[in-house]
Amino acid sequence: MNDIFSAIQASAKRIKEAIDVKDIGYSQQENSSGETQLELDIKSDMIIEEEFSKVASIHTIASEEKTHQELLHEDGKYYIAYDPLDGSSLVDVNLSVGSIFGIYEGGFGADKMVAACYVVYGPRVEMVFAHNKVKLYLLQAGDFEFVKEIHLNNKGKLMAPGGTQQNWPPYHKVMIDNFFAQGYRLRYSGGMVPDLHQILLKGGGLFSYPATSDKPDGKLRRLFEVFPFAFVYEKAGGEAVNGTEPLLSLGFAHVHDTSPCFFGSKKEVSVVKEVYSQNV
Ligand code: AHG
């Protein structure tokens, strides 16, 4: 696992450099979800693939930017699904973006997840690695330094409600409105990594991306985004559900499958489960 940790660190430093120096422009390629890729997505994907290719313990990779999985080392045991640059459309407005990694053993699937990691490229570069514990690292003078362990409070104050409101189910809107009526504060940038990072580091709250009328299976991808953050939140003492079920109990049929998702501290997620079990 140490070699994977080091490869992610090496990738993160190179991606940070690419973000800092690269011209922003749209490429002509589309990814498998039909979005126009930014050049930085592609560049970040190439960097990560290059770094992972040097790690013998990695068997297969799947990237949000690739249609198919890629075998790297026949004898490796780890399968890594990653989103090389999540929220890349935020780069041109200079908001934070991130890379997300789900590390699976023996194949892909929530039940095979052994570690998860994400990197936030903001005013500073931070990395959160969840294995047995959830640890925060800060890039300083070229190296990632350990900062602290992360623990969520039982209840937080922040609310990050994703998706287009007019397409939310009515009970979801009522639930979110109720949270705000209780004093929760809106914190939503449109980047999953910084939005979930903020909730984690500020003690708790709720990030939601529900099923909507235009996206009945949600928007966020199970292997690259949903399972890794579910793992991080659970290890930090929070919870992550699709409304009624733990996200880490879900399967997947295709590497690009999505799911409605809710990540938060236990109190807020208990409200989600109560509301959703009565309405779905
Ligand atoms: P993209 O990579 O296309 O910019 O999408 C970002 C993702 C995720 O990071 C974020 O939480 C979510 O999309 C935001 O979606 P909405 O704008 O629909 O809320």
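Colleague: Which domains does the domain assignment give for this chain?
Modeller: You get domain 1, covering 2-149, and domain 2, covering 158-279. Keep in mind that this is a predicted model.

Colleague: How far apart do the C-alpha centres of the two domains lie?
Modeller: For domain 1 and domain 2 that separation is 22 Å. Where they touch, domain 1 brings 40 residues to the contact and domain 2 brings 27.

Colleague: And how do I read the size of the interface?
Modeller: People often quote the accessible area that is lost when the parts come together. Here domain 1 and domain 2 bury about 2,500 Å² between them, and 69% of that is on carbon and sulfur atoms.

Colleague: Which residues of domain 1 lose the most area to domain 2?
Modeller: Look at I100, A110 and Y118; together they make up 22% of what the domain 1 side buries.

Colleague: How many salt bridges are counted between the domains?
Modeller: Just one salt bridge for domain 1 and domain 2. You can also find E64 and R221 in the model: their side chains meet in a salt bridge, at 2.6 Å from N to O. As for polar contacts, six residue pairs turn up across the interface.

Colleague: Which strand gives the most to the domain 1 side?
Modeller: Strand 7, with seven residues. Strands that each supply at least two residues there include strand 3 (58-63), strand 6 (97-105) and strand 7 (113-121).

Colleague: What about that side by residue class?
Modeller: The side of domain 1 that touches domain 2 has 21 nonpolar, eleven polar and eight charged residues.

Terms used: Residues are numbered from 1 along each chain as its sequence is written. This is a predicted model: local features need pLDDT of at least 70, side-chain atom pairs count only at pLDDT 80 or more; totals for chains, interfaces and linings use all residues. Side-chain values use heavy atoms; hydrogens and water are left out. Domain bounds come from an automatic or database domain assignment. Contact means heavy atoms within 4.5 Å. Buried area is the accessible area (1.4 Å probe) that two parts lose on being put together, summed over both. A salt bridge is a side-chain nitrogen of Lys or Arg within 4 Å of a carboxyl oxygen of Asp or Glu. A polar contact is a pair of N or O atoms within 3.5 Å; within protein, one must be able to donate a hydrogen and the other to accept it, and residues adjacent in sequence count only if both atoms are side-chain atoms. Helices (H or I, at least four residues) and strands (E, at least two) are DSSP runs, numbered from the N terminus. Ala, Val, Leu, Ile, Met, Phe, Trp, Tyr, Cys and Pro count as nonpolar, Asp, Glu, Lys and Arg as charged, and the others, Gly among them, as polar.
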